[in-house]
Amino acid sequence: MHEVFLALWRKPPAWDGMTLATWLYRVTANKVASLHRRKAVRRAFALAESAIKPANVSGGASIEARNAVEAVLSRMRPSRREVLVLFEVEGRTGPEIAELVGCRPATVWTRLHYARRDFESIARKLGVEVSR
């Protein structure tokens, strides 16, 4: 709910005949869908992040997870990988990423969409399990 109201604050709607209830529903649905899309990639990065911590160096599964994520990322297009890591790992916003990589915000969202798709596809080809 917080994210929905932040969206309203940041970018008031262009009503175009919509009611407030319709707009709120659409924004809410988009926020929920976005969270579900990110779930698999975030889990993989969380496994990799926990593997990097010194306390987990002896854990074989964590090192394997980190290596698997690195293998997948290394096979991705650099422009897509960059946006994926900035968004999923560093938690940057679309406009921040656009400024950092020198592209339009719409391009960031396009690259992120394809990066997530590529991540799952490459993971499957490598036999890496990506849970949803």
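Four salt bridges were counted in the predicted model, and those described here centre on helix H6, which spans residues 105-125. One of them joins the side chains of Asp-118 and Arg-80 at 2.5 Å, N to O, and thereby links distant parts of the chain, with Asp-118 placed in helix H6 and Arg-80 in helix H4 (residues 78-89), 38 residues apart. Both Asp-118 and Arg-80 are buried.

A further salt bridge is formed by the side chains of Glu-88 and Arg-116, with an N to O distance of 3.0 Å; here too the partners lie in helices H4 and H6 respectively, and are separated by 28 residues. Glu-88 counts as buried because its relative accessible area, 5%, falls under the 20% cut-off, and Arg-116, at 8% relative accessibility, is likewise buried.

Asp-118 also meets the side chain of Arg-117 in a salt bridge of 3.6 Å, N to O. Whereas Asp-118 is buried at 14% relative accessibility, Arg-117 is partly exposed at 47%. Through shared partners, the salt bridges join Arg-80, Arg-117 and Asp-118 into one network.

Helix H6 itself comprises 21 residues and reaches 30 Å from its first C-alpha to its last, close to the 30 Å expected at 1.5 Å a residue. Its buried residues include the charged-pair members Arg-116 and Asp-118, together with Val-108, Leu-112, Ala-115, Phe-119, Glu-120, Ile-122 and Ala-123. In an α-helix there are 3.6 residues a turn, so residues three or four places apart point the same way. Helix H6 is followed by Gly-127, for which phi is positive, near 80°.

How values were computed: Residues are numbered from 1 along each chain as its sequence is written. This is a predicted model: local features need pLDDT of at least 70, side-chain atom pairs count only at pLDDT 80 or more; totals for chains, interfaces and linings use all residues. Side-chain values use heavy atoms; hydrogens and water are left out. Helices (H or I, at least four residues) and strands (E, at least two) are DSSP runs, numbered from the N terminus. The expected span of a helix is 1.5 Å times one less than its number of residues. Buried means under 20% relative accessible area, exposed over 50%, partly exposed in between (1.4 Å probe, protein chains only).
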